[in-house]
Amino acid sequence: MGYTAIWANNKEKLNKNELAKLEKDGLDVIEDIYDYAKTGFDSITPDDMDRFKWAGVYQQRPKDGHFMMRVRIPSGNLSTDQARVLAGIANDYGRDLVDITTRQAIQFHWLRVEQLPDIFERLASVGLSSFEACGDCPRTIVGNPLAGLDRDELMDTTPLVQALSDTFLMNRDFSNLPRKYKISISSNIYNAGHAEINDLAFTPATKVINGEEVIGFHVWVGGGLSARPFLAQQLDAFVRPEEVVKVAIGVTTIFRDYGYRQKRNHARLKFLVADWGAEKFLGKLKEQIGELETRGQDRTIGWNAGYFTGVHKQRQEGLNYIGLSVPVGRMSAQELEELARLADEYGNGSLRTCNSQNIVITSVSDEKVEALLQENVLKRLTPFPQHFSAFAVSCTGIEFCNLAIVETKERMRQLAGYLDEHVELDEPIRMHMVGCPNACGQRQIADIGFQGALIKTETGMKDAFDIYIGGTLGENAQFNQKLKGRVLGDQLHRVLLPLLAYYKEEKQTGESFFQF
Ligand code: SF4
């Protein structure tokens, strides 16, 4: 394997995480977890505790023996059987909490090591897995939650999502990458897969080849958020659907073999792409996999940030998808169980999780829509949410996250509720809150982003936030810009009210918040 040839003889250049990975592959810890489940939390070695990430499991805060787990839901496509198993796990072990993440995954909390084998097996029984949902490996494949029923997609990407998942999941050729690695594929013309913030992304494109229009993809590499965000760069390549897996393997191989492994905070693919540029990267890719067609016609015409609330027509005649708002992505096990019942009773047994932390019920016939809208669970998980609550995203924050500086989820929920009561605006404002400089809540792409920090006051250190405005993806993609000053967590509304009033007054016809 190239990685061994290039790096294993240069150990003095590797950081300590890299040395630990050379000593034992992250995937090896999965077997060990079955033993640790018998010997208990205190028997877990520090290095193995770090490797738990490859099983999709992290210690939660405070480090007292409880874990959080992320479960991969490729492209957000979730059957009702799977949803019931997830609800059962949350109910039996996870203190009733089910979180939807900004990568369409499901996250549990409060798990104990003794319970992990049973959880792995329950997930496997319905074709789900938490493995490699975290760690330095290819994470869950994100994509269009409406794949297969979307009137705005050029092709159904479901089989490609499956092929990519099958290629990378538990594949030891790629289980030791320099850092986490995120893939997105979507054929939706509104960039449902958030292409620009992924390490590797495929977006819809067409090209006339031998007189025939072929539907395929353009390829983007080197996007990513965190403390130093980069937008992905498009390669001069057109990829047919049958070439997607080959291209993904080629790009991942380059990352594995040439990605930086000296400094942990300089190891994402984005740094290699920034140094090489798109042209050199494409040249290396062609060395790996052979020639590719040059770029065709880009078919992305805008950006939908992952919002599908309301009742909408599907591609299939007479069928509808119903997008529901899940406030800051959190629901109870009973609510998920109930959504599974509704998806079976009114739909075709399918739910879709969104990168906006919301959920969709699919394939509801025209005649059944009204009855579905009367169901009790839709009072809270409503298809018709108020503006600010509908577009509020939050990371986990200090409630469970060891890296967090401040509380986020409940604060974001309350702030959005307050603005719904006090501000009238005829357009959505997307607000994202994160509890530290990392980017689990994708603060950088929000209209208004809040990043947790602390302020020293006379009565001690208090939760505060840096505020950023004007983030967007799509044609005008840009990360949001920091405003001067830092605001106490309980004073955010006092800054937002005049800011939003000013926007409302000064906004030109057709102007959006990111241009403000
Ligand atoms: Fe934790 Fe920071 Fe990620 Fe929020 S953004 S979940 S605080 S690491």
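Residues such as Ala, Val, Leu, Ile, Met, Phe, Trp, Tyr, Cys and Pro count as nonpolar, Asp, Glu, Lys and Arg as charged, and the others, Gly among them, as polar. By this division, the shell around the ligand holds 7 nonpolar residues, 5 polar ones and no charged residue. The structure described here is a predicted model. In this model the ligand is surrounded by Cys395, Thr396, Gly397, Cys401, Leu403, Ala404, Val434, Gly435, Cys436, Asn438, Cys440 and Gly441.

Two sheets are considered next. Strands of a sheet pair through backbone hydrogen bonds, either parallel or antiparallel. One open sheet contains 5 strands in the order β1-β2-β5-β4-β14, and its pairing is antiparallel. Its edge strands, each of which pairs on one side only, are β1 (57–59) and β14 (330–332). From one strand to the next, the twist of this sheet averages 30°. Between β1 and strand β2 (residues 67–71) there are 3 bridges in the antiparallel sense, and Gln59 stands opposite Phe67 in β2. Helix α10 packs on this sheet, where it touches β4 (97–100) and β14, and the direction of α10 makes about 80° with that of β14.

A further open sheet of 5 strands follows the order β3-β15-β16-β13-β12, again with antiparallel pairing. Here the edges are formed by β3 (77–79) and β12 (310–313), each pairing on one side only. The twist in this sheet averages 30° from one strand to the next. Within the sheet, strand β15 (residues 350–353) pairs with strand β16 (residues 359–365) in the antiparallel sense over 3 bridges, and Leu351 is placed opposite Ile361 in β16. Helix α10 (residues 333–346) lies across β15 and β16 and runs at about 20° to β16.

Strand β8 (residues 200–209) takes part in several pairings. With strand β7 (residues 183–185), β8 runs parallel, and 3 bridges join the two strands; Ser184 has Ala201 of β8 as its bridge partner. With strand β9 (residues 212–221), β8 pairs in the antiparallel sense over 10 bridges, and the bridge partner of Lys207 in β9 is Val214. The hairpin of β8 and β9 has 2 residues between the strands, and Asn210 in this hairpin takes a positive phi near 50°. Strand β11 (residues 297–298) also pairs with β8 in the antiparallel sense, over 2 bridges, with Asp298 of β11 as the bridge partner of Ala205.

Helix packing was examined for two pairs. Two packed helices are described by the angle between their axes and the distance between the axes. For helix α5 (residues 80–92) and helix α6 (residues 116–125), the axes come within 9 Å and cross at roughly 165°. Because angles over 145 degrees count as roughly antiparallel, α5 is roughly antiparallel to α6. The crossing of α5 past α6 is right-handed. In this contact, Val85, Gly88 and Ile89 of α5 meet Ile119, Arg122, Leu123 and Ser125 of α6. By class, the contact of α5 with α6 comprises 4 nonpolar, 2 polar and 1 charged residues.

Helix α7 (residues 158–168) packs with helix α8 (residues 244–258) at an angle of about 40°, and their axes lie 10 Å apart. The crossing of α7 past α8 is right-handed. Leu160, Ala163, Leu164 and Thr167 of α7 make the contact with Val244, Val245, Ala248 and Ile249 of α8. The residues of this contact divide into 7 nonpolar, 1 polar and no charged.

Key:
Residues are numbered from 1 along each chain as its sequence is written. This is a predicted model: local features need pLDDT of at least 70, side-chain atom pairs count only at pLDDT 80 or more; totals for chains, interfaces and linings use all residues. A residue is near a molecule or strand if its C-beta atom, placed from the backbone, lies within 6 Å of it. Axes are lines fitted to C-alpha atoms, for helices over the stretch in contact, and angles run from 0 to 180 degrees between N-to-C directions. Helices (H or I, at least four residues) and strands (E, at least two) are DSSP runs, numbered from the N terminus. A crossing is left-handed if the near helix is turned anticlockwise from the far one by less than a right angle, and right-handed if clockwise. Two residues are in contact if their C-beta atoms, placed from the backbone, lie within 7 Å. Two strands pair if DSSP finds at least two bridges between them. Angles under 35 degrees count as roughly parallel, over 145 as roughly antiparallel, 65 to 115 as roughly perpendicular and the rest as oblique.
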